[in-house]
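Me: Please give me a close look at one part of this chain and then place that part within the rest of the model. I should like a single connected account, with the criteria stated as they arise.

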Amino acid sequence: MKIAPLVTFGLILTLSSTFGEPVNTSCPVKGRPVDGRIAVPVKIDFCCQRCVAKFEKAPVSFLAKVAKTAKGTCPVSGREIEKAATALVSVAVCCNGCKGKVEAEPREYLARIAKSRKRP
């Protein structure tokens, strides 16, 4: 019975560390600078905890792959996902209007962030 609180605490630490800092510095909708006060949590599903760990080490490097991967497929391994293996990323936006757009189509905006990061 003492294991449940430890697992819960570990999960909270994992999610808070991943969700803490936004993966972007400019709004993926309008391109304006963001200050981090308005952000959208984007849930990403994986096939296993090993893939979650790989993603959490460098989430920005996986954004393009996440955006292209079919729903129900792990963006790291390409295998079928499991609901227990998830991570959250924070996408900062410039206003509440942009927040609604990112909430409606998060994969589209993750692709935009990935594309903007590849520019020199």
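Reply: Pro41 is partly exposed, with a relative accessible area of 44%; on this scale buried means under 20%, exposed over 50%, and partly exposed in between (1.4 Å probe, protein chains only). The model is a predicted one, in which local features need pLDDT of at least 70 and side-chain atom pairs count only at pLDDT 80 or more, whereas totals for chains, interfaces and linings use all residues. Residues are numbered from 1 along each chain as its sequence is written, and side-chain values use heavy atoms, with hydrogens and water left out.

Pro41 belongs to strand 1, which covers residues 39–46. Helices (H or I, at least four residues) and strands (E, at least two) are taken as DSSP runs and numbered from the N terminus. Pro22 precedes or follows Pro41 at a separation of 19 residues in sequence, and the C-alpha atoms of the two prolines are 9.2 Å apart.

Strand 1 also holds Asp45. In contrast to the partly exposed Pro41, Asp45 is buried, at a relative accessible area of 18%. Once its neighbours within four places in sequence are set aside, Asp45 has contacts with Cys74, Pro75, Ile81, Lys83, Ala85 and Thr86, a contact being heavy atoms within 4.5 Å. Asp45 also takes part in a salt bridge with Lys43, at 3.8 Å from N to O. The criterion for such a pair is a side-chain nitrogen of Lys or Arg within 4 Å of a carboxyl oxygen of Asp or Glu.

The count of salt bridges under that rule is 3. One of them joins Arg37 to Asp35, with 2.7 Å between the closest N and O atoms. Both partners are open to the surroundings of the chain: Arg37 is exposed at 73% relative accessible area, and Asp35 is exposed at 52%. Another pairs Glu108 with Arg112, whose closest N and O atoms are 3.0 Å apart. These two residues lie in helix 5 (residues 106–118), 4 residues apart, or about one turn of the helix. Glu108 is partly exposed at 35%, and Arg112 is likewise partly exposed at 36%.

Charge also gathers outside these pairs. Arg50, Lys54, Lys57 and Arg79 form a surface patch of positive charge. Patches consist of residues with over 30% relative accessible area and no salt bridge, like charges being joined within 9 Å and nonpolar side chains (Val, Leu, Ile, Met, Phe, Trp, Tyr) within 5 Å. Lys and Arg count as positive and Asp and Glu as negative, while His and the chain ends are not counted; each charge is placed at NZ of Lys, CZ of Arg, CG of Asp or CD of Glu. Within the patch, Lys57 sits in helix 2, residues 49–57, and is exposed at a relative accessible area of 75%.

The wider setting is a chain with 5 helices and 2 strands, arranged along the sequence as α-β-α-α-β-α-α. Of its 120 residues, 33% count as buried, Asp45 being one of those classed as buried. Among contacts between residues at least 6 apart in sequence, 78% join residues at least 24 apart. The chain exposes about 7700 Å², of which carbon and sulfur atoms supply 57%; accessible areas come from the Shrake-Rupley method with a 1.4 Å probe, and for residues only the protein chains shown count as cover.
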